[in-house]
Amino acid sequence: MKNYIKYLLAGIFFGIVLIKSEVVSWFRIQEMFRFDSFHMYGIIGLGVVVAMISIQVIKRKNIKDMEGNAITIPPKDPKQVTRYIVGGTLFGFGWALTGACPGPLFSLAGAGYSIMIVPILSALAGTWVYGKIRPSLPH
Amino acid sequence: MIEFLRQPWPWYVAGPLIGLIVPILLIAGGKLFGVSANLRHACAACVPGDIEFFKYDWKKSGKWNLVFVAGTILGGFIGGWLLSNPDPINISAQTITELKALGISDFSGMLPSDVFNWENVASTQGIILMIVGGFLVGFGARYAGGCTSGHAISGLADLQLASLLAVMGFFAGGLFITYIIYPFIF
């Protein structure tokens, strides 16, 4: 269990940032989809830039992880176009309806918005149904 | 110090902090940042049925991530209780006008409490927003192979074309709901 404390701490850090940046706010998500504020675009944009620079540094300097293993990022298969477009659009429907993506759903539940248990359970059901009908879906 | 932390954090502080989660997890143990995979791990752990998609060693591949999400819940508690900002969120006036026109009146919390409450779960509006919405978050994230963290942050940062397609889908879907569907459910 000792090896997992670092992931717990990283998760705590993430949860606090999600709340304090107001990324968890249903209102902020509406503001984003209505193009009324730069707030969400600034957060996602700068997040991508910082992560991109970090990944480049890790790759070029061949930095190893704390367990001494080489760091590799498995590439996603870009030939599967359907799953990204159709799956992405369905996810976008859910994102705008609940006003939250998975990280914020959990962070909001922790912040005391107990009603978020409902979309979390529904998201588990959605994941399960996807697993069930996966063989018959086009990817 | 506490007073300082209680204020909302601006986008140019929060954005880089979220971006840093990616190298933190890579260096901690070669893990790739992505929250929605936990929904799959939870299914694999609790209700795998006899489904191929849930037959894998979730402890080996997913335990770290379930611990991470437990931390996210705890972080939500710390951010939302101990460091909570007492003032309403400073949303743009244009968004407030448009949401008021839809009938939303309570702007005090993170969610409109006149819509997202336990009494409203079984109404048509509540079913569409919370139950159908949550279902699509879970279904869509797994179909697309990731959510906002996995595709929009990790995937774009690693220059994955697949993630760009997925993010375009996220926005197409979100805009469709916001502009076409919202007027019917509010």
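1. Angles between axes under 35 degrees count as roughly parallel, over 145 as roughly antiparallel, 65 to 115 as roughly perpendicular and the rest as oblique. Keep this for point 3.

2. This is a predicted model: local features need pLDDT of at least 70, side-chain atom pairs count only at pLDDT 80 or more, and totals for chains, interfaces and linings use all residues. Residues are numbered from 1 along each chain as its sequence is written, while chains are lettered from A and ligands numbered from 1 in the order in which they are written.

3. Look at helix 7 (residues 148-157) and helix 8 (residues 161-185) of chain B. Their axes come within 8 Å and cross at roughly 150°. The two helices of chain B, 7 and 8, are therefore roughly antiparallel to each other. Helix 7 of chain B contributes B:H151, B:A152, B:G155 and B:L156 to the contact (C-beta atoms, placed from the backbone, within 7 Å). Among the helix 8 residues of chain B in this contact are B:A166 and B:F170.

4. Now the two chains. 100 residues of chain A are in contact with 109 residues of chain B. Which helix of chain A gives the most to the side that touches chain B? Helix 4 of chain A does, with 17 residues.

5. The largest nonpolar core has 89 residues. Such a core is a set of buried Ala, Val, Leu, Ile, Met, Phe, Trp, Tyr and Cys residues joined through C-beta atoms within 7 Å; buried means 20 or more other C-beta atoms within 10 Å of the residue's own. B:V22 is one of those with the most contacts inside the core. Residues that B:V22 touches include A:A51, A:I55 and B:I153.

Conventions. Axes fitted to C-alpha atoms, helices over the stretch in contact; angles between N-to-C directions. Helix = DSSP H or I, 4+ residues; strand = E, 2+ residues; numbered from the N terminus. Contact = placed C-beta atoms within 7 Å. Buried ≥ 20, exposed ≤ 12 C-beta atoms within 10 Å, placed from the backbone. Lists of a residue's contacts leave out its neighbours within four places in sequence.
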